[in-house]
Every structure is written in C-alpha cells, then in structure tokens.
Amino acid sequence: MRHFEIRAAVPSDAEVIAALHVEGWREFRAFVPAAIMAARDYASRAREWRQRLEAADPRWWTALAEHDGRPVGFVGVEHLSAPAMGANSEIHNLFVTTEWRRHGVGRRLLAAAADWIDSVGAEPISLYSFTENSHRKAYTPIGGRIVGERQSAWDGVVIPETCYIWPTAADLIAHTR
Ligand SMILES: CC(C)(COP(=O)(O)OP(=O)(O)OC[C@H]1O[C@@H](n2cnc3c(N)ncnc32)[C@H](O)[C@@H]1OP(=O)(O)O)[C@@H](O)C(=O)NCCC(=O)NCCS
C-alpha cells in the first residue's frame with residue numbers, strides 16, 4: 001500500500017494546488033470548449049488559489065495529499081451560506097494526480113472533507129461532477145446518491161453537472177473505509 005498524508009492547505013500551497021487543478025481539468029478536454037480550458041490556465045488557477053487560501057474564509061476548507069512532501073491530490077470544500085439541492089456543503093474540487101489514481105487518495109481526501117464538514121455542522125454534503133466526466137463513476141461505490149443535474153454556465157456556455165449527495169458525514173466516511 002502506498003503511503004501518503006493529508007493536511008490542511010496553507011497560502012504557500014497555492015502553486016502546487018494550481019498545478020494539480022490544471023492537470024485534473026485536462027481530463028475534461030473532450031467536452032469543455034477549448035476557450036474555457038484556456039481561460040483556466042496555470043497562471044489563472046495560481047491567482048485563484050492564492051486568493052482563496054490567503055482569504056482564510058472560515059466557510060472554505062482545502063486539503064492536500066502528499067507523498068514524501070510531494071503533492072498527489074487535493075480537495076476543496078465550501079460550507080454553503082444557503083442550502084442547494086438540500087445540501088449545506090459542496091465539495092467543489094477533488095483531483096488526484098494521474099500516477100496516484102486508484103490508490104485510495106480520493107477516498108481519503110473525501111473522508112477528510114467529511115470530517116471538516118462534520119466539525120462545522122454542514123451536512124448534507126453535495127458534489128457536482130460534469131455529467132460527461134467518466135471519473136464520476138467513482139462516487140457511486142463511495143455512497144454518493146444522484147439527486148439531479150445543475151445547468152452551470154462557464155463563461156456563458158452551459159455544461160450540465162450531475163449532483164451527488166451524502167446525507168451525513170458519517171455516511172460518506174463509512175463508504176471510504
Ligand atoms: C475521481 C478521482 C478524484 C478519484 O480519485 P482516486 O484517488 O483515483 O480514487 P480512489 O483510489 O480513492 O478510489 C475509490 C473508489 O472509487 C472508485 N473509482 C475510482 N476511480 C474510478 C473510476 N475512474 N471509475 C470507476 N470507479 C472509480 C473505485 O470503487 C475505487 O475503489 P477501488 O480502487 O478500491 O476499486 C480521480 O480519478 C481524478 O482525479 N480524476 C480526474 C479528475 C476528476 O474527474 N475529478 C473529479 C471532479 S468531480
């Protein structure tokens with residue numbers, strides 16, 4: 001079994017998180033228009049993550065998975081200010097670097113996110129994945145229940161996202177063991 005650790009992200013992680021984010025988004029090239037991809041390059045993601053992490057907004061939480069100090073994945077969660085699809089939190093980002101997939105990193109990042117959600121009382125939990133993203137198959141064995149679709153506009157282009165819900169943090173954690 002490969003060893004990795006999970007810790008809360010700090011502002012100096014912005015660049016490594018941006019690199020993981022850009023790498024993960026490459027998976028979406030088949031269905032996300034090129035102009036939308038180009039607008040989310042490394043420089044723009046690094047800016048976005050620097051702002052997010054420096055703001056230290058208590059409604060947002062980001063964690064990094066590392067192997068020997070090298071980043072292998074990250075998760076980003078929001079405690080929603082108003083419920084959506086019956087959920088009070090949303091897992092906005094979940095990305096694992098290619099060579100580390102299927103080694104339990106995604107599962108452990110989700111469990112860490114669920115712990116944080118439990119600590120701030122933000123259940124139920126939602127996660128939206130592009131409907132055309134084949135990786136979303138991962139969420140069914142981890143207990144995610146599909147409750148609908150969101151028609152999100154990305155730079156004015158609508159791309160459907162499938163919504164998964166976990167009723168409680170304990171339910172998500174139980175599926176990550
Ligand atoms: C989706 C993603 C985060 C999963 O991370 P991961 O570290 O590979 O996931 P885990 O190893 O913890 O897998 C947990 C379980 O999910 C399921 N699973 C994971 N990836 C899967 C896939 N591509 N297809 C079907 N089931 C999958 C399996 O049941 C797996 O358990 P198993 O390996 O014991 O069979 C990762 O594949 C990824 O970063 N993909 C590209 C970016 C992306 O689509 N992110 C999600 C945006 S919503």
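Strands β2 (residues 60-67) and β3 (residues 70-84) pair in the antiparallel sense over eight bridges. Pairing requires at least two bridges found by DSSP between two strands. Strands are DSSP runs of E with at least two residues, and helices are runs of H or I with at least four, numbered from the N terminus. The model is predicted: local features need pLDDT of at least 70, side-chain atom pairs count only at pLDDT 80 or more, and totals for chains, interfaces and linings use all residues. Residues are numbered from 1 along each chain as its sequence is written.

Two bridges illustrate the β2-β3 register. His67 is partnered by Arg70 of β3. Ala65 is partnered by Gly73 of β3. The two strands form a hairpin with two residues between them. In its turn, Asp68 has a positive phi of about 50°.

Strand β3 also pairs with β4 (87-96), again antiparallel and over eight bridges. Here Val75 has Leu94 of β4 as its bridge partner. Two residues separate β3 from β4 in a hairpin, and Met85 in that turn has a positive phi of about 55°.

On β2, a further antiparallel pairing involves strand β1 (residues 5-8), joined by four bridges. Glu5 has Glu66 of β2 as its bridge partner. In a regular strand the side chains alternate between the two faces of the sheet.

Helix α1 (residues 14-25) has twelve residues. From first C-alpha to last, α1 reaches 16 Å, close to the 16 Å expected at 1.5 Å a residue. The expected span is 1.5 Å times one less than the number of residues. Ala14, Ile17, Ala18, Leu20 and His21 of α1 are buried, that is, 20 or more other C-beta atoms, placed from the backbone, lie within 10 Å of their own. Seen down the axis of α1, the buried residues fall within an arc of 165°, so they line one face of the helix. The arc is taken from the directions from the helix axis to the C-beta atoms. These buried residues pack against α3 (42-55), β2, β3 and β4; contact means C-beta atoms, placed from the backbone, within 7 Å.

The ligand is surrounded by 19 residues, counted where the C-beta atom, placed from the backbone, lies within 6 Å of the molecule. Arg101, Gly106, Arg107, His135 and Ala138 come nearest. Both β4 and α4 (105-120) supply at least two residues of the shell. By class, the shell has seven nonpolar, seven polar and five charged residues. Ala, Val, Leu, Ile, Met, Phe, Trp, Tyr, Cys and Pro count as nonpolar, Asp, Glu, Lys and Arg as charged, and the others, Gly among them, as polar.

How values were computed: A residue is buried if 20 or more other C-beta atoms lie within 10 Å of its own, exposed if 12 or fewer, and partly exposed in between; C-beta atoms are placed from the backbone. Two residues are in contact if their C-beta atoms, placed from the backbone, lie within 7 Å.
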